[in-house]
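Me: Got a minute to go through this one with me? I'd like to start with a strand pairing and work outward.

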Amino acid sequence: MTEQTERSLTEPLPSAADPHAPAAEPGPAPVRPTREVRTWPRDFTDRLTAPLPGVRALARIAREGKLRPSAQALLDIPDLPFEPGPMPRPGPRDIAVTWAGHASWVLRVGGLTVLTDPVWSRKILGTPPRVTPVGVRWQDLPPIDAVVISHNHYDHLDAPTLKRLPPHTPLLMPAGLARWARRRRFTHVTDLDWWEAVELPGPAGPVRFDFVPAHHWSKRTLTDTCRSLWGGWVLTAPDGRRVYFAGDTGYGHWFEEIGGRYPGIDLALLPIGAYDPRWMLRPVHTDPEEAVRACQDLGARAMAPMHWSTFLLSAEAPLEPLHRVRAAWETAGRPRADLWDLAVGASRVLEGGPGEKLGGG
């Protein structure tokens, strides 16, 4: 039995940066061309900031059986916030977000419409069905200018949803995933390492997409553990305003480094669910209090919670993440208007240019 098998996620996250990761030097990275065909390492195990679950951890979770909410907690499902409405029609200088559920957002930045980790399926492999419907009907979506993917887990990379897109749709992916997309006949695929960027043209000028680190991992089959990278995305509009999409992540040093490299983030889309039991999930999923702390580390003006209220992936009660993130935000002394705790299907708009107030919608 190997050392990796014996170790478990009970070990704490390192406080120092991963020495194997690319250095986050001051200032934005040079823009790379899109559609590059690149050669990557065989795997990215050296990027992990915590060991993967070993045999002991898996045996413990099987013994305790605590990866589902209690029967009593499931009675709260009808109370989960679901408020689908007309999507806003922002101008090219506005930023708008619509939460479709889980980590799926419809972002309007710099006149572009971008999907994040789009999952429109009712059921995905290895998880219970959705407990809330998708917040935006597929037929109501505007034309999609780009898709960003955070990693290859099935609740973030959903092949049936992507197949609904035209094959020329630009897909921006973590290193090592381009081949997966090209095999599915997508023709405009770009995969990036941490701290790399591309730009896509928009009506108000180019929109920049930077791929940034996360405390997570990747696996899609029995034989591809960490064969592709994982991370989040910073989208920068032509006027300099920024939206950070965290993807799936635990809490750790990367947030402060991202905030230092990309100052002035206007909105951070941060996960607040799938965190219980904590002894197992802490390294890879932030809880609500850690998400608020991450928002502060990033220096972000506002936070929109995600990764809850859609798929019940762990043992916390369905409504608990919402109650805890609101309490943590208040404890941190942050303005209530800057917590964009949207219902599934709801939208919000940040109008105007840099320095404008964060608006409702």
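Reply: Sure. This is a predicted model. A handy place to start is Gly101, which sits opposite Ser104 in S2.

Me: Which strands are pairing there, and over how many bridges?

Reply: Strand S1 (residues 95–101) and strand S2 (residues 104–109), antiparallel, over 5 bridges. Further along, Ala96 stands opposite Arg108 in S2.

Me: What's in the turn between S1 and S2?

Reply: The two strands make a hairpin with 2 residues between them, and His102 in the turn has a positive phi of about 55°.

Me: And what does S2 do with S3?

Reply: S2 and strand S3 (residues 112–116) run antiparallel and are joined by 5 bridges. Arg108 turns up here too, opposite Thr113 in S3. That hairpin also has 2 residues between the strands, and Gly110 takes a positive phi near 60°.

Me: Is S2 buried or exposed?

Reply: Buried: 6 of the 6 residues of S2 are, so the strand is largely enclosed by the rest of the structure. In a regular strand, side chains alternate between the two faces of the sheet. For S2 both faces are covered, with Ser104, Val106 and Arg108 buried on one side and Trp105, Leu107 and Val109 buried on the other.

Me: Zooming out, what order do the strands of the sheet come in?

Reply: S6-S5-S4-S3-S2-S1-S13, so to speak from one end to the other. It's an open sheet of 7 strands with mixed pairing. S6 (189–192) and S13 (347–350) are the edge strands, each pairing on one side only. On average, neighbouring strands are turned by 20° against each other, ignoring direction.

Me: Back to Trp105. What does it touch beyond its sequence neighbours?

Reply: Leaving out residues within four places in sequence, the contacts of Trp105 include Val97, Trp99, Val114, Leu115, Phe245, Leu269, Met306 and Leu342. In the largest nonpolar core, which has 73 residues, Trp105 is one of those touching the most other members, along with Phe209, Tyr244, Leu270 and Met303. Another core, of 24 residues, lies apart from that one, and Trp138, Ala178, Trp180 and Ala181 are among its members.

Me: Switching to helices: how do H7 and H8 cross?

Reply: The axes of H7 (residues 288–298) and H8 (residues 320–331) come within 8 Å and cross at roughly 40°, which makes H7 oblique to H8. The crossing is right-handed.

Me: Which residues make that contact?

Reply: From H7, Pro288, Glu289, Val292 and Cys295; from H8, Pro321, Arg324, Val325, Ala328 and Trp329.

Definitions and conventions
Residues are numbered from 1 along each chain as its sequence is written. This is a predicted model: local features need pLDDT of at least 70, side-chain atom pairs count only at pLDDT 80 or more; totals for chains, interfaces and linings use all residues. Side-chain values use heavy atoms; hydrogens and water are left out. A nonpolar core is a set of buried Ala, Val, Leu, Ile, Met, Phe, Trp, Tyr and Cys residues joined through side-chain atoms within 4.5 Å. Buried means under 20% relative accessible area, exposed over 50%, partly exposed in between (1.4 Å probe, protein chains only). Contact means heavy atoms within 4.5 Å. Two strands pair if DSSP finds at least two bridges between them. Helices (H or I, at least four residues) and strands (E, at least two) are DSSP runs, numbered from the N terminus. Axes are lines fitted to C-alpha atoms, for helices over the stretch in contact, and angles run from 0 to 180 degrees between N-to-C directions. Angles under 35 degrees count as roughly parallel, over 145 as roughly antiparallel, 65 to 115 as roughly perpendicular and the rest as oblique. A crossing is left-handed if the near helix is turned anticlockwise from the far one by less than a right angle, and right-handed if clockwise.
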